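Let's take a walk through this one together, a piece at a time. Have the viewer open and follow along.

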Amino acid sequence: MTTLIKLQLRKNLLTFSVILGAVLASVPLALAIKSEGMPAHEAINLAMLYWGLAGLPLSALILSGIAGSEAAGEKARDTEQPLPVSQYRLLLSGLAAALLETFALLAVIYAILGFKLPLESLTGAQEQLLRFFVFGLSCLAVYGFTLSYVFRNGIAGAALAGAASAAILIPLTSTAIFQRLAFKLLPLWLINPLIAAAALAGGALALKLFSQARDRRSGRNTALLFSGSGLLAAPVLAAFASLMWLNYGARQVTMPAGNLFFPLYGTDSNLYPGREKNAALMLAQRPFYGEVFFVDKDGNRAVLERGGERRDSGFTYLMPDLTFSNGQSMTAEDGKTWALYSVGRRGRLAHGSIKEGFSAAWDIPATWSMELLGGKEPGILDRRDDAYYFAPLPPGAGGLEWKKVASRDAGYLRFLGEKYLKDGLAAEVSKDGKTLEHKGKRWTLPGEIVTRAAVPGVRLTDGLNFLVPVRVKDDYSTYLCRPNGKSEMIWPSYFRVTQNLTITPDGTVWGVERRPLPPAGRSPNADIATALFYLLTPDGKAMSAVNTDGILRKAGITYGDIWPLRAQNGYLWFNAGNKFLVKAEAANPENAKFWKLPKVVRERHKTVSPSTDGVFIAGADGIYFMDWEGGSRKIN
Amino acid sequence: MNDIKTAVACHGLLKNFGRKEVLRGLDLAAAEGEVIGILGRNGSGKTTLFKVLLDLLAPDAGGVSVLGLTPDGSGALRGLIGYVPEKPSFHGFMTVEETLAFRAAFFPGWDKAKAAQLCKTLELDTRAKTGTLSKGNTAKLAWICAAAHNPRLLLLDEPTSGLDYLVRDHILNGLVSEMAEGGRTILISNHRMGEIGGLLDRVCVLKDGRISADHKADFIKTETFRVGTRQDSRPPEQPGVRLLSSTGPLCELAVFGKAKLEELKSSGKMNGAEIAPLDLDSAFKALLGE
């Protein structure tokens with residue numbers, strides 16, 4: 001084979017030398033025509049960039065096209081075929097020579113670049129293109145040789161090879177870039193190597209079939225030509241099938257239409273007494289279809305935005321079109337829900353219910369700075385450049401009526417505090433910070449209350465309670481002021497300002513302390529964290545420093561990714577890393593049951609979203625609902 | 001007879017190129033050491049037959065065995081065969097010496113000394129580029145390439161086509177004779193079969209994709225006759241009798257076999273005919289029309 005390859009290299013020597021000469025000549029040429037002020041190495045880099053992006057692929061086509069058509073010619077047939085080697089082996093030697101020459105040129109270009117890429121940092125798309133570059137060159141050479149051999153014409157073969165390689169590479173690159181940007185919908189680690197192998201090995205195998213048909217003139221010519229063409233077409237079809245699969249998968253992606261970021265000051269996760277317990281709903285979206293909808297635990301849906309295949313841009317096949325939605329919702333005591341969301345650049349406010357649908361809708365310029373607020377006077381708070389504005393709900397006949405409520409300097413907390421107080425759901429801290437007062441009741445704390453802002457209450461079974469951070473000497477702890485006028489320390493040496501505590505749908509209040517694990521017995525990786533929870537159950541039972549290390553270990557989760565979902569009857573429920581629903585004994589969290597959650601599309605805020613009856617899970621293929629005993633069903 | 005090994009055997013060989021049937025159930029057998037002339041008109045399938053035997057073309061149907069091997073597309077068979085094509089071709093950028101060295105890499109039995117000696121005998125300049133060689137010298141090189149690995153089977157496809165007398169003589173009376181005497185099997189197709197008639201053991205006529213006639217060479221040499229007779233006493237067309245020429249009331253016939261000649265004589269239709277032995281060229285010409 002070596003002798004044959006040497007022969008083929010010698011046959012192509014002139015063409016190769018001309019191209020190599022052009023590569024080398026482009027260095028002084030680049031230096032000669034560069035603009036003043038451009039460093040010499042940049043001019044050379046630009047010239048080599050041209051070679052990398054255009055010159056080298058073209059060279060691969062020229063070299064393989066000439067070699068392939070020559071191999072099919074009478075001269076090669078008369079001169080080489082009488083040798084005692086198979087005709088296929090002769091062709092393979094020609095193909096190997098074309099590949100060697102292509103990669104020799106690549107090596108020369110790389111050497112001129114100083115064996116490093118001229119780009120300091122690569123974007124995601126560039127990285128993917130670079131990853132496919134070597135494969136692309138190989139593909140051009142294999143297809144160029146094979147097709148030029150079949151058609152006995154270098155130009156026709158090279159043109160077809162260029163088209164075929166593009167038809168393989170464009171969907172492959174598109175799929176890889178999209179998957180990198182968005183969701184791991186396809187096992188590309190398996191698919192892409194398979195397609196690459198099918199293209200290269202299939203091209204070489206097709207050459208064998210074509211050789212049997214063309215050279216040996218086997219009687220099964222039609223079958224051989226058909227099979228060979230199939231082998232060449234298979235990677236193209238597979239690449240497009242992969243892209244179709246991705247498109248289909250992308251359109252099925254369902255995820256919460258929650259805020260991209262945790263809400264700044266709203267009802268969503270903050271402790272706020274005016275927040276009615278949200279109905280068991282998930283505001284969800286199919287971002288690559290543009291659909292936004294509510295779904296309840298029984299799978300009933302109410303569509304807010306229908307979406308569709310054609311939205312902002314017409315051609316979305318190569319890169320699924322993203323029409324992302326951010327949203328929030330708030331359900332009032334009448335069971336009607338307000339939804340404030342954006343779809344693409346449009347903002348919408350909708351009102352209704354799953355049962356009756358969401359017919360009323362108002363267009364809103366932008367929603368990203370807005371927050372729904374509940375309480376006696378529900379409304380929308382908007383942070384604008386000049387000030388904070390509030391519009392009550394429902395909107396008037398002329399739409400939302402915005403009223404400036406606070407300057408940017410004063411901040412929104414004062415407005416919120418005033419609103420809480422007006423609603424009768426917050427307590428006031430005395431100026432000296434010693435006492436807390438609410439509707440005539442007064443609690444005297446053993447130390448100084450750290451905050452002076454209004455303290456929103458927490459509605460427990462015995463009424464409205466208040467959690468306050470108190471400093472006693474040099475220690476900060478959390479005290480609970482109960483409706484009976486008494487106060488008690490519930491979380492020693494732990495506090496958060498009230499707005500930084502979280503309440504679950506069942507009314508459990510919690511705060512967390514995440515800290516790196518000591519290295520003993522575990523990996524010394526500093527990122528590994530444990531989570532200690534401070535909880536107050538709806539019936540007023542407080543728990544301090546609940547250690548979830550055992551749960552994390554059993555779940556195989558190392559980064560402290562665990563969140564409380566519910567506390568009931570001596571048990572605690574957790575979402576462990578969006579992978580498990582965990583039910584643990586409150587007294588001994590290590591004694592726990594684990595239920596595997598469906599695979600989620602990506603770890604995002606609210607991907608696993610609790611309600612009073614269970615958790616909504618935005619799975620890769622739809623929405624699931626899992627009850628508190630691990631019973632799971634797909635609801636969308 | 002059973003002691004004689006078969007070097008080439010074809011049974012019912014079929015080969016079509018598209019709708020064109022080139023070989024149509026060809027049967028042929030050659031014993032080891034036998035020299036067979038394949039006689040056929042242009043396009044009769046001689047080259048196709050050789051390419052099938054060389055494992056360059058796959059037959060559509062039928063069985064082929066060459067030197068005990070079945071052609072399988074691997075090309076291994078060609079290592080045992082010496083092949084001189086009608087139009088030899090070499091890489092023009094190589095010298096004769098490089099060409100021989102290149103070929104030597106593929107044939108385990110390549111005899112460098114023999115190749116060098118043949119170059120000398122045939123007066124071939126080994127430093128010359130093959131692209132600059134005359135037709136005769138190209139043919140010489142083809143002969144050397146075919147002979148240097150001491151093949152067990154020689155396939156010679158119009159091996160003297162376009163060669164001048166001296167070169168033909170060199171090749172036919174030197175090289176081929178030597179190889180034939182060395183016990184090698186030779187299949188040779190040549191338009192001028194007369195010039196090699198002395199070497200042949202057998203002559204097979206390839207017509208319409210089949211072997212239409214198969215005669216021992218001695219038979220052609222000793223039992224073919226030219227019969228000059230009158231048109232009115234000309235016997236009807238029949239196997240073993242071919243019209244060679246016809247002028248006015250006279251005509252010339254070729255008669256194959258003493259028995260056929262006696263049969264015609266005894267029929268009384270050839271009274272007064274002139275009977276003489278037929279020269280080889282005329283005999284082969286007549287065979288083509290047989």
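What follows goes from a helix pair to the cores, then to strands, and ends with the contact between the chains.

Keep in mind that this is a predicted model. A good place to start is chain A, with two of its helices. The axes of α3(A), residues 40–72, and α5(A), residues 87–112, come within 9 Å and cross at roughly 170°. The cut-off for calling a pair roughly antiparallel is anything over 145 degrees, so that is how α3(A) sits relative to α5(A). Which residues do the touching? On the α3(A) side they include I44(A), M48(A), W51(A), L56(A) and L63(A), and on the α5(A) side L91(A), A97(A), L105(A), I109(A) and I112(A) are among them. Sort this contact by class and you get 15 nonpolar, five polar and one charged residues. A glycine turns up on each side too, with G52(A) in α3(A) and G94(A) in α5(A).

Helix α3(A) comes back when we turn to the nonpolar cores. The largest one has 169 residues, and α3(A) gives the most to it, with 13 residues. As background, nonpolar side chains tend to be buried together in soluble globular proteins. Which members touch the most others? Those are L436(A) and V468(A). If you center the view on V468(A) and skip everything up to four places away in sequence, its contacts are L436(A), L445(A), I449(A), V455(A), Y479(A) and C481(A). There is also a second, separate core of 85 residues, and L28(B), L154(B), L175(B) and L261(B) are among its members.

For a single-residue look at packing in chain A, try A206(A), which lies in helix α8(A), residues 188–214. Buried or exposed? A206(A) has 26 C-beta neighbours inside 10 Å, so it counts as buried; the threshold is 20 or more. Once its neighbours within four places in sequence are set aside, A206(A) contacts T146(A), G228(A), L231(A) and L232(A). Take L232(A) from that set: it sits 26 residues from A206(A) in sequence, while the C-alpha to C-alpha distance is 6.7 Å.

Further along chain A there's a sheet to pick out. It is open, has four strands in the order β29-β30-β31-β32, and its pairing is antiparallel. The edges are β29(A), residues 608–610, and β32(A), residues 632–634, each of which pairs on one side only. Ignoring direction, neighbouring strands here are turned by 20° against each other on average. At one end of that order, three bridges join β29(A) to β30(A), residues 614–619, in antiparallel fashion. For a landmark in that pairing, look for S609(A) opposite F616(A).

Now hop over to chain B, where β12(B), residues 250–256, is mostly covered, with five of its seven residues buried. This strand has two pairings to look at. Seven bridges link it in the antiparallel sense to β10(B), residues 224–230, with T224(B) standing opposite F256(B). Six more antiparallel bridges connect β12(B) to β11(B), residues 241–247, and there S245(B) has E252(B) as its bridge partner. Strands β11(B) and β12(B) make a hairpin with two residues between them, and G248(B) in the turn has a positive phi of about 55°.

Chain B has another hairpin, made by β8(B) and β9(B), also with two residues between the strands; in this case D208(B) takes a positive phi near 55°. The two strands, residues 202–207 and 210–216, are antiparallel and share six bridges, and L206(B) pairs with I211(B).

Helix α1(B), residues 46–53, is worth a stop as well. Seven of its eight residues are buried, so the rest of the structure largely encloses it. Among those buried residues are K46(B) and K51(B), alongside L49(B), F50(B), V52(B) and L53(B). After the helix comes D55(B), with a positive phi near 70°.

Finally, how do the two chains meet? The contact takes 16 residues from chain A and 23 residues from chain B. On the chain A side, α1(A), residues 2–11, and α4(A), residues 74–80, each supply at least two residues. By class, that side of chain A has five nonpolar, six polar and five charged residues.

Key:
Residues are numbered from 1 along each chain as its sequence is written. Chains are lettered from A and ligands numbered from 1 in the order in which they are written. This is a predicted model: local features need pLDDT of at least 70, side-chain atom pairs count only at pLDDT 80 or more; totals for chains, interfaces and linings use all residues. Two strands pair if DSSP finds at least two bridges between them. Axes are lines fitted to C-alpha atoms, for helices over the stretch in contact, and angles run from 0 to 180 degrees between N-to-C directions. Angles under 35 degrees count as roughly parallel, over 145 as roughly antiparallel, 65 to 115 as roughly perpendicular and the rest as oblique. Two residues are in contact if their C-beta atoms, placed from the backbone, lie within 7 Å. Ala, Val, Leu, Ile, Met, Phe, Trp, Tyr, Cys and Pro count as nonpolar, Asp, Glu, Lys and Arg as charged, and the others, Gly among them, as polar. A nonpolar core is a set of buried Ala, Val, Leu, Ile, Met, Phe, Trp, Tyr and Cys residues joined through C-beta atoms within 7 Å. A residue is buried if 20 or more other C-beta atoms lie within 10 Å of its own, exposed if 12 or fewer, and partly exposed in between; C-beta atoms are placed from the backbone.
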